[in-house]
Structure formats: C-alpha cells, structure tokens
Amino acid sequence: MHSSASSFLQVNLVKNTLMSISRSLVPPSAVMSAKAISEQTGKEFLYKYICTAAAVQNRFRYANVTTETDWERLTQEHPWLLTEKLVVKPDQLIKRRGKLGLVGINLDLPGVQDWVKSRLMKETMVAKAKGVLKNFLIEPFVEHAQSDEFYVCVYAAREGDYILFHHEGGVEVGDVDAKAERLLVPVDDKLSEEQVTEKLLAHVSEEKKGVLASFIVGLFNLYEDLYFTYLEINPLVVTGDGVYVLDMAAKIDATADYICKAKWGDVEFPPPFGREAYPEEAYIADLDAKSGASLKLTLLNPRGRIWTMVAGGGASVVYSDTICDLGGVDELANYGEYSGAPSEQQTYDYAKTILSLITREKHPQGKVLIIGGSIANFTNVAATFKGIVRAIKDYQGPLKEHEVTIFVRRGGPNYQEGLRVMGEVGKTTGIPIHVFGTETHMTAIVGMAMGHRPIPNQPPMDAHTANFLLNAGCNATPANTRTASFSEPKSAGEATPPKKPKAGFQAAKATTLFSRHTKSIVWGMQTRAVQGMLDFDYVCSRDEPSVAAMVYPFTGDHKQKFYWGHKEILVPVYKSMDDAMKKHSDVDVLISFASLRSAFDSTMETMQHPQIRTIAIIAEGIPEAQTRKIIKTADEKGVTIIGPATVGGIKPGCFKIGNTGGMLDNILASKLYRPGSVAYVSRSGGMSNELNNIISRTTDGVYEGVAIGGDRYPGSTFMDHVLRYQDTPGVQMIVVLGEIGGTEEYRICQGIGEGRITKPVVCWCIGTCATMFTSEVQFGHAGACANQASETAVAKNQALRDAGAYVPKSFDELGDVIKTVYDGLVANGTIVPAQEVPPPTVPMDYSWARELGLIRKPASFMTSICDERGQELIYAGMPITEVFKEEMGLGGVLGLLWFQRRLPRYACQFIEMCLMVTADHGPAVSGAHNTIVCARAGKDLISCLTSGLLTIGDRFGGALDAAAKQFSKAFDSGMLPMEFVNKMKKDGKLIMGIGHRVKSINNPDMRVQILKDFVKQNFPASQMLDYALNVEKITTSKKPNLILNVDGFIGVAFVDLLRTCGGFTRDEADEFVEIGSLNGIFVLGRSMGFIGHYLDQKRLKQGLYRHPWDDISYVLPEHMSM
C-alpha cells in the first residue's frame, strides 16, 4: 500500500514531569532556514545523489501534471505512462494524503486522467486549511505486500540527527515516535551499517537487513551532504528487485544555498497548502535575497482591513499576537517584517508593495495600517521612514479613497526625526496618521487601531536623540560612583574564570561573562559598532576601552582611529587572528561580525585559542549544520556562544556587544550605564531593546540582558542564561521573552519545579497567534514555528504559569507584571533602590550631528550637475534609470551634465554627430602624433592621452570657442560679412574657423557638408551659420582653401543651437560660449581618436620612435673664430 506523502511525527514531549523535553524533535514546518520542498524535488535529489549498494528502483520515473499539461506531449516524454499501472497524488505539501483519499492507486492512464480531472483546480479542505489542488505527481504503481513496507525518517536536533525506523510502514503507521526504533548520530559523527543493523533493524528479516542498512546509510549521507533538515519516507518498500521510495516528505536548509547551489540548482519552495503564492511575496523575497537587510511578506487575507508593516522579526510576531488577541485574526491581512537597517530605497520598495495591496479593494469599515516596531539597535529610523513617506505620497490618492488610517510607533536612532516626517506627511496629504514614540507601549497602537483604547491627542515626546551632547563643564570622566547593582556589594560582579576541566570531561562555562575589565576583539571592520562600544564604556566610567583590537583579514595590519570621550585613540587592526591573540592575551571575548559565509570558519579558528571564553556571532543565515558543529566544539571547550542571528547582549556599567542597546540616547534613557536588579534573556535583538525600555520604566533597571538569537539552534539557550542569573548575587528577578517553537521554556518550568530556580521569573512567549491561522506562516525568526501542540506559545505560557512563573495575559501587560513583581521585592527589602548618579556626557560624532541637522558647516565644494548620494545616480535632477528609459543617448547626457538642460532630440543628435566627426583626423595632426610618440615610448594610456590633449589650442582643434566668439560679436554688432572680413584684415587677425590645409571650395570637407545638411533640416533657425557661410563666400573668392572648417562650423552652429532651442536665455547662451564649453566638444570627440591611436600602437607592438635625420633641417650658427 501507498501511504500519506508526509506522515509527520506526532510527538508528545511534555508528559507530567516534563522529563523528556530536552530533545528537539521534528523541525519547524515553515522557517527561514528549514524549508519544505515538493516530493518531486526531494526524489530528484535522492535519485541523483544517493550512494548505496541497494538497488534503488524507478529512478526519475515521475511525471508532473498541472493545468497547463499537454497529455500527448507528457506521454511522449514519459512513454511508461502508457504501459504501466500508475499512482497519482497531489504534490502540494499535504500531510496524510492516503487517509484523506488523495492518492489514486493502480490506475491506467485514462483512469489517472479522470482522477486528476475530478480534482484539478477544486477547492479542498485539509485540516483547517482550505486550498486548491493544482499540482499532481504520477509514478509507476509498485505491487508489493504489506510486509514489504517500512518507515524511515531522519531529522535534525541540537545534539545531532535522529534516525527513526519502524518495520511496519504505510498509511496505518500510527504514532511512530512511540513505536519506532531511534538512533542518534551525534554532530560530526559518521554512521555505519553495523550501527543501523544493531540499533534499528532488530525486527527486520535477515534477507532484508543488508539492503536496508546500506540504503539507510546512503540516505543519511545524502541528508548530510545536501543539507536536509528533515527527510521522511513512508512507505519505503523493499522487494527482491530492490528499494522503492514510494512517498517522501523533505525539508532542506535554505541558508546552505551558497554551499549546495551546484547540486540543488534553482529550488522552488512551494507555499503551505491553503495559502496561495502571490507575486508580491515573490517580489519581496527577491528584494530580500539581494539585500543585506531582512524583508519578509506573507499574505494571509488580501481582503482584510488590518495591515502591518513592522520593523523587526520578534516585534512582527508580537504585533500579530496582539491583533489576534484583540479579535482581529479574521481581518489580519498580512504578516511581514523589515529589519537589519534596510536603505531608504529598499524600505520604499517594501512600503509601496504593502500600499498597493491595501488599496486594491475597499472595505466597508475602511482600513488600518500599523507601522510598528520595537526600539531599533542600529537602524536609522529617519532614513527608513523617508522611504515609507515617499510611498505614502505616491499612494496618497488611493489611501484616502480607501479610507486608510495609519498608526505609527517606533524608537531607535534618529526616531524623533522619523516620527516628525511621518506626522508631517499626514498633515500635508490629509491622511490620518497617528504617531507615537518610546513613551508609548509598543503594542498600544494596536488597541487604538482596532478601537479598543482611545487615541491620545498629543502624546508626550521623549528627549531628542541629541540629548547626550557634551556639557561645557564636564570634560573629565567622573569617579566610579555607580559600578555595582542596587542590591550587590561593590566588589561583586567580576568575571569568574571557569575551572580547567579534567581529561575526558567538558570544560565548565563561566557564570559571569562580562565585567568592568572585560576586553574583546572585534572580527570585521565594524567601526560604527566599535565606536558605540567605546562610547558605552566611557559613559559607564570604565577605566579602559573594552575593545582591545580588531581583526580584518582583507587589509594589512594598521591602526584605526576612534574616540574615547572627546579624545582620539588608536585601536590596532590585525590581518591574522593568531597575531591579535598573541598580542592581547588579556582578551577573553570575541565579537564576530563575519558574514554568514565566513562566520563558521572564523569562529572555529577562534575556539582554538583557550583564552576566549565568550563569542558573540552576529551573522544571520548560517546553515544549521555549521551552527551545531560550533555548539559542539564550544561545549567541549567551555566557550559560551551568543548567537548566531543576534544583536548580542549588554551588561550595564560593564560591557556591551556591538550595537546592542542602540545609540547613547537610548543607553541613557534606559539607564543602561549602570546596573539594576533585573536580568533578562530573549531571542530577538530588537525586542531585547524593547525590554531595556520596559524594565527601565518599571524597575530600577537592567543588570544584564542577552539576545540569544532567532535561529533554531542558538549557541546558548534560555536555560543557560537563566541559571547564570540564578547564580549571580546581583540579579534579584529574571525576565524571559520566549517564543513559539522548541521546548526550551519547559526546562525553565522544570527548573522552577525542582527548586533550581528560586528567583522570581516573569515570562511571556510570543507567537500566540500561530494557533489561530489556518495555514502555516513563516515568522521572522528561523526557530519561530511549532511542529506540535507543546511547542505553541499558548501551551508554553500555560505551562510556565502552572510551574509558578509570573505570566501576563498578553504582551501588553508584560510591563505591568514586571512592575508588580519588582514592587513586591522592594516592599520586602530584597531590593533597595540606590540613589541615581548622572553619567558622564559624551560628545556627538560630527557625522551624526549633521544627520540630525544640529550643526552646519560651509561646504568646500559646490556642484549642481550630479548627485550620487542616494539610491540612484542623478544627472542634473534626472535619475539614471529615467535617462535610459527616455533613451536620451550620449548627447542627452552631455546636455544634462554640461548645460543642465534636457535638450530637444535634434540637439542631442547634433551633439553626437559633432563627437563623431571630430573623433579623429588621421595620425599626422599634432595631437595624434604626440599620442603615438608617447605610446611608442612605452607610456600608459592616461599619459599618452594627456600628451595629445595638451596640443589642443587656437592652432589645433581649439578654434570652436574663438570662432563662436568672433562671429557672434560681428553678427551682434550689425557688421556686414564684408565689413567683418575687412576689419579682421586691418587688425592683422586671423578669422578663427576659416581655412584648411587640405580641403578647399573645390574639395569640400564632407564632415562640414553632413553637419550643414542636418542643421538646415532640423534647427528652427541658423542665422549665425548663414552669416558665417556669407563670410566663407568672401574668403574663398580670394583663396579656395579659406573655407569654413569643421571647428568654425561647429562653433557657429552651436551658437545657433543655444540661442534658438528654447532652453536658454540669451545671457545663458552667451555665458556657455564665454566659459569654453564648445571646445569641450572637440576635446571629448578627439579623445576617442587619441585612445584609438594608443591602442593601435600597442596592438601593432611599435617600438620607440626616433625622428629621422633627413626630415630635420639642422640650422646652426656659423663658426665664429677669434
């Protein structure tokens, strides 16, 4: 029998005492890293790359059917469809297809066609999801007995990869987690056929053990090599002919694309059943792939009235939770997030996509857009909001037509300016936009948007970002007046180095990771993050900077300048990690800003140095297999890993990792310059900063906070840090911000129940909305998805509540619960609040002060033709994309850059013709001659070109300006052509632009003739040219070669162009002639020829030029004798 395509494991991890929650079973079903692939793709990988002695049958014998399938062509490509019995099933990530009646078995081709026809494009319910069947897979039917069916599954866990095997596979396999044999292959270990036979195949007949053992080992190696995270075959059929893979479900680690691209090819990740793939989602996914930032979009209900545009992976989940908690699940239109400091243009592209979706269908109640977010650590809020404002202006008409109301809440660097521009656009467009900052609870705007709480008229605004400017009388760092916690002795809190492990045992990890004396090395040229750390050190009154050195393999050893308060200091930068470690033996922390491609190697290299006890890995998107290897090595060496995919952590008064805590205004507002009594741990970096804000407003402040990162396997876990806080005297209460997915929070329940954790724990798991969605949703964090009931946020919150933790009813109430617990600790004397001591002030960087508009400085240069600072290059006000869209050509670009005008089409053509006719005039002219001589002397291109250009002047090529000036002056003064010629003769001056050494009235210059024809046909008037031609009639009557040459023609024709094209005033036209713009035409055109001569000489390999004696007339003075 055939079974369901994906009979996913139903595992109950938590039973009574929660003793089995330490393992993480089936991978999340929709995550950023582990993504489901179609059955066809999975089988293609298996057939291509599996290496096994077992005979795998029916390789590549499958056919795909959609609405566009041509059956006749399909049978030509797959002739076995006409001769064999067949199986057909939808290939759309549907679980338990067999039990749902979605598998057609033992059919001929007409039977398959009828089966598909009755279901194709038909709406079907699968559990709570309603979707359309539109993709089917046809395979040969395999005749076999029930005893030939087996079940095999490989899935990833933190500690290694589990293989599940059951000797009775098929549709009725049942609870495989309870019945199946299980074998753990630890990280980095190899699997042998002997292990498989011994641990998994006890109930298999002897004649099949060898085949199955070989196949399972080959399957596991394939799983590892192609970075699968989940691979299930049910049933796997073994007969005398070999092995048949009947039904298969699989996920791969999408972050390993850069490793597996050659084998994967272009993988398509189908959407979960019940949710269509929208082109807007694909567009945002493409933006995300091309960006260093994170951009995500999932459409849930395009007709809904509640839309979100949230900054941050954790915050995006919190906003969705709150909307659903307040009854808005049916009206929630989308889930998405933008984070990681997207540029203004990227934010604009993201915002306009959201706004285009909002304004497609009207809603009788109007619509709301929630632009929310936590307090950013490093994203320039004003820059991203400028992108959103541009999009709002572009869509202001449709937004008003669809009655869209916008609610904004944000904090972070320069957020005040961002909120100001957002408020201004509301006033200027007439769109109702309500703006709030960090003074307002993060999710309060949700209640306002949904009508559950009133909208304040004028919310109070916090102090400006610039509130940490240096005071006049505070240039020195004050004494250490506040270094310890409110409830901790001054001497406490210093780092406690771990004890050296005995042979054969894992090294113990330190309880205290950071102290006031912690020194770190930063991997990567992250100057802004390092400066932020040094400013934090200074404001915490540290004696020395916390950054001892930087490592950057792409430059040589050098010194990098930073500020320590108002003084400049130098921090060494090393090319080699070994050199940095040798010269800074007091360093025990590494902060790695290595990219996702180099983070693994650099981290493994770092752990070869025993002095390093803590490593923070900032990069997001490291393949899970690599992360697990890092974790294994770190556990063996007693190294604490924070991350990957994290902003880091902070210990007020002591140390901060990279960009944690944001800019100094937030450090001061959240009182992170001195320790409080509350320690927290979260996954999200943005939400950790929000916790800093909440805790500072409701308690005496933060003692320590860590964001462990959003990946499925963080380097350290919630429990690791909770136990550290439990064992730290200065910590009096603990806050945990958990989330959907995984079972780590149950370990906290267990710790409370067993008495290991005695301090008050306030905990909330985000992601409660997931149980309300009818289809799977990819949340912002890789680990934020539940595969079973116990991993849902709702279940974990209830378990924590039952265990004795303080759990609010929603995130909205988290601050209230923290305050209640804190007030109780103050009341019973556990916490004695200390007197506040003002921190030292720190000067603001010039670049940031300028960004905020706080200072002004006269510019050294002015330019009005080009601006490269934005997302797109601009020529005289025209974006470069528009230049190409309008097909302006080289003449149009020259018009923009030289004349700051968009010239008419004929003018652009004339400019291009001038460049063409002046490009070259043979090797004998002085400029080309010089270029050739210089090239033959072995000089470079620039030197040779310069040599030729330096000959241009009144005698060679530089007559354009002079001709234009002479003829213009004569014409404008009313002189007749004869009067002009006579005057120039009387004054003894040459008429510029008249005369040619070779050409004459009888042998005309065809270049001039071509230009003359074009001018006469296209220019609206040519008075100056006509005047010059009349002058030519007079001069050629005296001597045939005194013609209007190409320089003179271009000069006078350009005067006509400037005066008559309609783009210039008379004064502007005369000014362009006066400042020498016309000679530029000859310089630009002839440069093409000079370069051609240079390349020609190099190609011909011509040697050094020496002028022949017989071409030189030696005229020496006669010998003068005495």
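How many of the six residues of strand β18 (residues 404–409) are buried? Keep that question in mind as you open this model, which is a predicted one, and select residues 404–409 as the opening stop of the tour.

**Strand β18 and its partners**

With β18 selected, you are looking at a strand that is mostly covered, since six of its six residues are buried. In a regular strand, the side chains alternate between the two faces of the sheet. Show the side chains here and you will find V404, I406 and V408 pointing one way from β18, while T405, F407 and R409 point the other way.

Now add residues 367–371, which form strand β17, and notice that β17 and β18 pair in the parallel sense over five bridges. To place one of these bridges, look for V368, whose partner in β18 is T405. Next add strand β19 (residues 433–436), which runs parallel to β18 and is joined to it by four bridges; here R409 has F436 as its bridge partner in β19.

**A sheet of six strands**

Move along to the open sheet whose six strands follow the order β28-β27-β30-β29-β31-β32, with mixed pairing. Select β28 (655–656) and β32 (761–766) to see the edges: each has a single partner strand, so one side of each is left without a neighbour in the sheet. Strands of a sheet pair through backbone hydrogen bonds, either parallel or antiparallel. For β27 and β28 the direction is antiparallel, with two bridges joining them, and I650 stands opposite K656 in β28.

**T646, in a loop**

Select T646, which is found in the loop between β26 (640–642) and β27 (649–651). Is T646 buried or exposed? T646 has a relative accessible area of 6%, and because buried means under 20%, T646 counts as buried. The side chain of T646 reaches the backbone nitrogen of G648 at 2.9 Å and the backbone oxygen of A707 at 2.4 Å. Leaving aside residues up to four places away in sequence, T646 touches I617, I618, A707, I708 and G709.

**N135, in another loop**

Go next to N135, in the loop between β6 (129–132) and β7 (136–140). The side chain of N135 makes a polar contact with the side chain of N64, at 2.8 Å. Among the residues that N135 touches, not counting those up to four places away in sequence, are V65, T66 and K89.

**Aromatic rings**

The structure holds 25 aromatic pairs, and two of them are worth selecting in turn. Y155 and Y162 have ring centres 5.5 Å apart and planes at 20°, so this pair is stacked, and both residues are buried. In the pair Y338 and Y350, the centres are 5.9 Å apart and the planes are at 45°, so the pair is tilted. Y338 belongs to strand β16 (residues 334–339) and Y350 to helix α10 (residues 344–358), and both Y338 and Y350 are buried. For a wider group, select W898, F899, Y906, F910, F1014, F1019, F1054, F1064 and F1072, which ring pairs link into a cluster.

Charged side chains can also be found over rings in this model: K35 lies over the face of F269, at 5.2 Å from the ring centre, and the charged end of R390 sits over the ring of Y348, 4.0 Å from its centre.

**An annotated stretch**

Finish by selecting residues 513–622, which an unreviewed UniProt entry lists as "domain: CoA-binding". Over these residues the chain is 25% helix and 29% strand, and the end C-alpha atoms are 24 Å apart.

Methods: Residues are numbered from 1 along each chain as its sequence is written. This is a predicted model: local features need pLDDT of at least 70, side-chain atom pairs count only at pLDDT 80 or more; totals for chains, interfaces and linings use all residues. Side-chain values use heavy atoms; hydrogens and water are left out. UniProt positions are given in the numbering used here, feature names are shortened, and annotations may be inferred rather than shown by experiment. Buried means under 20% relative accessible area, exposed over 50%, partly exposed in between (1.4 Å probe, protein chains only). A polar contact is a pair of N or O atoms within 3.5 Å; within protein, one must be able to donate a hydrogen and the other to accept it, and residues adjacent in sequence count only if both atoms are side-chain atoms. Contact means heavy atoms within 4.5 Å. Rings of Phe, Tyr and Trp (its six-membered ring) pair if their centres lie within 6.5 Å; planes under 30 degrees apart count as stacked, over 60 as edge-to-face and the rest as tilted. A charge sits over a ring if NZ of Lys or CZ of Arg is within 6 Å of the ring centre and within 35 degrees of the ring normal. Two strands pair if DSSP finds at least two bridges between them.
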